Amino acid sequence: MSELLIKNGYIFDPISGIKGDKADIAIKDGKIVDKVSSKAQVIDASGKTVMSGGVDIHTHVSGPKVNTGRMMRPEDKFFRGSYRGGIIKQGKRMEMGFSIPSTYKTGYAYARMGYTFTNEAAMPPLLAPHVHEEFRDTPILDQAAMPVFGNNWFCFEYIKNKELENNAAYVAWLLNATKGIGIKVVNPGGTEAWAWGENCTTINDPVPYFDITPAEIVKGLIETNEYLGLPHSVHIHGNNLGNPGNYKDTLDTLRLAESYKAKNKFGREQVLHNTHIQFHSYKGTSWADFESGAKEIMDYVNANKNITCDIGQVTLDETTTMTADGPFEYHLNQLNHIKWANVDVELETGSGVVPYIYDKNIKVCGIQWAIGLELALYAKDLMRVHITTDHPNAGPFTRYPCVIKWLMSEKARKATLDTMKWKDKVIAASNIASMDRELGLYEIAMMTRAGPAKALGLAAIYGSLVKGADGNVAIYNLDANDLPSDPELIEAAFQNTAYTIKEGVVVVKDGEIIAEPHKYTLWTKVNMPENAQVMHDIKEKFTKNYTVNLENYAVFDEHVHNPRAIELDVA
Amino acid sequence: MPKVIENVGCPYCGCSCDDVRITVSDDGKDILEVENVCAIGTEIFKHGCSKDRIRLPRMRQPDGSMKDISYEEAIDWTARHLLKAKKPLMYGFGSTNCEGQAAAARVMEIAGGMLDNCATICHGPSFLAIFDNGYPSCTLGEVKNRADVIVYWGSNPAHAHPRHMSRYSIFPRGFFTGKGQKKRTVIVIDPRFTDTANVADYHLQVKQGHDYELFNAFRMVIHGHGKDLPDEVAGIKKETILEVAEIMKNARFGTTFFGMGLTHTDGRNHNIDIAISLTRDLNKISKWTIMAMRGHYNIAGPGVVWSWTFGFPYCLDLTKQNHAHMNPGETSSVDMAMRDEVDMFINIGTDAAAHFPIPAVKQLKKHPWVTIDPSINMASEISDLHIPVCICGVDVGGIVYRMDNVPIQFRKVIEPPEGVMDDETLLNKIADRMEELKAKGEA
């Protein structure tokens with residue numbers, strides 16, 4: 001029976017609506033409770049900001065393509081690793097890498113920023129055991145992973161034939177087989193087309209051979225998701241990512257959700273989460289007249305409550321891009337001609353990895369930076385707009401404190417803008433220079449824990465300090481009533497917590513790892529009757545097309561680290 | 001009643017076949033029958049239930065003989081020597097599961113030593129090329145379902161990966177390749193007329209050591225300079241080069257499989273580098289992928305596991321305690337051994353005594369040498385300490401990575417000989433013992 005009392009902090013908890021009131025937070029046996037006995041360990045949080053543990057809704061931290069990035073980029077360690085004059089060993093294991101950190105650094109670095117849960121953004125089902133092996137070796141963080149469905153042959157066929165129930169049974173089976181949490185869609189149809197060297201750049205481009213369009217795939221998966229009532233909604237990286245003029249394709253994708261309502265028991269309200277929306281908010285016809293489409297996109301998101309998004313903020317770093325959008329990575333490589341890795345995965349998906357340098361002296365990079373911030377600053381409901389860097393695609397997650405600084409301080413934005421070689425062109429192509437909005441701590445809490453947790457359908461466990469939630473707490477060295485005028489101090493406070501508490505255990509103190517308690521793998525367990533047709537189809541495809549036997553495909557129980565199932569019943 | 005176990009993974013080559021059928025005796029100790037396996041795989045399963053398996057660690061005595069000792073003694077001895085050594089090296093891992101490789105990473109991080117795997121003497125040059133040029137690849141099912149042109153360059157699967165051609169590349173009928181071999185064009189590029197060349201549509205008998213030139217010739221054709229080729233390049237006639245290049249350009253989906261015929265001939269990593277460049281060129285006009293023919297069933301494993309642990313796939317220097325370092329040439333096993341930098345050697349899941357150059361083995365032999373391996377081999381016979389372990393895929397399960405980096409979950413089919421530990425348990429015990437000794441100040 002362990003008890004912990006966090007006294008006198010300024011509490012920011014959007015789920016319960018607490019906006020900086022001075023109060024105490026009590027934790028008993030790993031859960032938030034109303035009160036604890038006098039024997040409880042006490043942490044004095046007076047003059048400090050207290051939030052629930054951070055929740056990352058979209059980050060590539062575990063699995064095959066992340067690891068391909070680590071493997072093919074030794075220079076990410078040599079030149080950009082934080083060891084040079086940086087971190088000495090704090091936890092049990094050494095920390096390596098900058099844009100694609102080792103699993104140990106991933107766990108420790110998130111914990112130091114006050115995060116306790118991450119959602120791995122793309123798990124190729126065939127390679128699921130790899131993701132789970134990395135979870136085992138990522139300390140502290142609770143983790144989940146979304147299998148990718150947007151280029152899956154089973155889904156293509158069921159959706160094309162309008163067999164919703166079969167598609168649902170297949171999705172439920174795959175979530176169980178891979179221990180996944182929800183439905184991820186990456187460049188629907190486009191990655192399958194890439195297996196023949198082609199792409200789908202609009203929602204109406206037919207997928208070669210399969211005679212289905214991205215629009216049909218997305219609608220079919222939204223229907224499937226709501227039929228099952230999964231905790232999270234469909235999580236989309238749409239077609240035509242990263243190209244000038246793509247905001248129209250993005251609006252087309254978002255409109256696909258128009259007729260749908262969320263149906264679930266987890267408090268989720270959206271039916272579509274558009275991830276890293278910055279990469280999908282581009283106007284112009286070429287890189288020469290490239291400009292921001294943030295206003296158009298955010299006007300639509302603001303008006304439609306059944307949509308959530310995360311920003312995918314460009315952080316102006318050298319980083320490593322990686323996505324299941326195989327054709328995009330090839331395309332990007334044709335722009336920068338650095339090394340290129342690609343892995344097409346049989347029947348399911350593909351992926352690519354390309355290093356990328358977001359140079360503040362390149363006009364387009366400056367505009368991309370502006371677009372991400374504009375999206376957040378145009379947003380009316382920050383519970384529906386979350387902070388991410390699409391780690392590591394727009395920048396490493398370790399830059400979240402810097403993103404928070406930019407959002408909280410116009411001065412900080414101006415200072416960064418002033419360092420850009422093509423500042424005037426960036427200003428001309430965006431509205432960033434005219435935006436004086438500065439977000440507060442409550443809004444940051446919405447964007448970094450409450451909003452993502454709600455969108456994931458996990459707000460009863462994470463992202464909240466309400467009674468019964470996991471005792472995950474971040475205490476920042478920030479006096480909410482007297483915020484520093486120097487924005488760098490805001491960044492510093494979010495970089496290293498005064499305390500991070502995971503299930504009632506202090507894991508970080510004064511920015512240093514001091515404990516590595518157990519962690520969970522979250523997944524969605526759908527209880528539904530077995531579907532004979534779907535099981536027949538699965539057996540057939542494994543006999544004829546896969547190169548791994550069906551019986552070896554589902555992740556064995558012994559390879560799932562400390563599972564924690566979110567259960568739901570479908571009649 | 002004998003029991004049939006299906007869907008068993010085979011612990012031999014990089015094909016990591018997972019469709020083996022094993023018939024096990026009543027008591028779960030004997031393997032009676034092995035099906036769906038090549039000749040080599042069969043022998044590994046048979047060896048697993050051999051009555052001659054080593055059951056206890058064996059310590060070299062002053063008179064040169066080996067004496068059985070307990071696992072506890074072996075663990076303590078290894079832990080103490082690891083802590084005492086300034087630059088211990090643990091090398092091998094072709095034949096261990098990923099759980100063992102992760103535990104090995106923990107051991108060498110605590111010991112502050114060097115950690116390397118068999119890639120250092122096989123596909124290390126491929127890693128060097130990947131560092132420079134990337135790796136446009138795919139899973140083997142993509143080849144099976146889509147590929148209409150297959151190139152084997154410097155590899156001979158007919159002998160080294162016996163089921164590769166039938167399971168993945170030339171013969172299987174996949175989704176878009178319903179006619180199997182009939183609709184596939186097979187190109188073998190090898191200085192020898194191998195058994196693989198024997199089934200090819202084209203065998204290009206490249207002059208030994210001149211692969212780079214031939215790659216360059218293909219790139220010239222792809223870039224539109226075919227007519228500038230000399231009459232012959234690397235022993236191949238200009239017309240043949242133009243003809244084969246045309247096939248490559250017109251492929252719907254092509255794959256190049258390359259082996260140690262490229263990594264261990266003149267050019268080494270440069271051969272792989274230009275092979276990747278050719279693949280990149282071909283993707284401008286067609287769809288092409290490339291794949292290393294990794295040798296053992298889990299030799300891709302340590303590269304994968306250590307990349308997520310430390311960020312480097314091989315040649316790891318963990319002596320700096322706070323960060324890892326990799327610099328092949330400086331931190332590669334054979335180079336260190338030749339310079340006599342290593343003052344303790346652990347050979348695990350391989351046979352360095354058989355595979356390393358003799359002068360390197362002689363240097364390593366000057367210092368304490370531990371072999372962790374189920375079998376008697378050359379390394380075990382020159383060791384100071386030989387610790388037997390389970391055989392992955394036979395008496396212990398675990399995850400392994402196939403040559404295309406797809407994780408395959410292996411099964412245990414028989415009980416290990418009584419008392420024999422698996423790699424993961426053994427290595428974690430060594431790590432625990434080192435932590436204990438360090439805490440007591442005995443290190």
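# A guided tour of chains A and B

Begin in chain B of this predicted model by selecting strand β2 (residues 20-24), which four bridges join to β3(B) in an antiparallel run. Within this pair, highlight R21(B); the residue standing opposite in β3(B) is E35(B).

Now widen the selection to the whole sheet. Three strands of chain B make up an open sheet, ordered β1-β2-β3, with antiparallel pairing. The edges are held by β1 (3-8) and β3 (31-35) of chain B; each has a single partner strand, so one side of each lacks a neighbour in the sheet. From one strand to the next, the twist averages 20 degrees. Add helix α1 (residues 39-48) of chain B, which packs on the sheet and touches β2 and β3 of chain B. The direction of helix α1 makes about 165 degrees with that of β3(B).

**The annotated cysteines of chain B**

Next, select C10(B), C13(B), C17(B) and C38(B), which an unreviewed UniProt entry annotates as "binding site". These residues are spread over 29 residues of sequence, yet they cluster in space, with a largest C-alpha distance of 10.0 Å.

Two members of this group merit a separate view. C10(B) is in the loop between β1 and β2 of chain B, whereas C38(B) is in the loop between β3 and α1 of chain B. Is C10(B) buried or exposed? C10(B) has 28 other C-beta atoms within 10 Å, and is therefore buried. C38(B), by contrast, counts as partly exposed, because 18 C-beta neighbours lie inside 10 Å.

Display the contacts of each, leaving out residues up to four places away in sequence. For C10(B), the residues touched are S16(B), C17(B), V20(B), V37(B), G41(B), Y297(B) and G393(B). For C38(B), they are P162(B) and R163(B).

**The annotated site of chain A**

Move to chain A and select K184(A), H237(A), H276(A) and D390(A), where UniProt, in an unreviewed entry, places the feature "binding site". Why can these four be viewed at one spot? They span 207 residues in sequence, but no two of their C-alpha atoms are more than 13.9 Å apart, so they gather there.

Centre first on K184(A), which belongs to strand β9 (residues 184-186) of chain A. K184(A) counts as buried because 28 C-beta neighbours lie inside 10 Å. Residues up to four places away in sequence aside, K184(A) touches A121(A), A122(A), M146(A), P147(A), V148(A), F149(A) and H235(A).

Then centre on D390(A), in the loop between β18 (385-386) and α13 (400-408) of chain A. D390(A) also counts as buried, because 28 C-beta neighbours lie inside 10 Å. With the same sequence neighbours left out, D390(A) touches H58(A), T275(A), H276(A) and G312(A). One of these contacts, H276(A), is itself among the annotated positions.

**The largest nonpolar core**

For the last stop, turn to the nonpolar residues. In soluble globular proteins, nonpolar side chains tend to be buried together. Here the largest nonpolar core has 333 residues. Which of them touch the most other members? They are L375(A), A104(B), V107(B), A275(B) and L316(B). Finish on V107(B): beyond residues up to four places away in sequence, V107(B) touches M90(B), L427(B), I430(B) and A431(B).

How values were computed. Residues numbered from 1 in each chain as written. Chains lettered and ligands numbered in written order. Predicted model: local features only at pLDDT ≥ 70, side-chain atom pairs only at ≥ 80, totals over all residues. UniProt positions renumbered as here; feature names shortened; annotations may be inferred. Helix = DSSP H or I, 4+ residues; strand = E, 2+ residues; numbered from the N terminus. Buried ≥ 20, exposed ≤ 12 C-beta atoms within 10 Å, placed from the backbone. Contact = placed C-beta atoms within 7 Å. Core = buried A, V, L, I, M, F, W, Y, C linked by C-beta atoms within 7 Å. Pairing = 2+ DSSP bridges. Axes fitted to C-alpha atoms, helices over the stretch in contact; angles between N-to-C directions.
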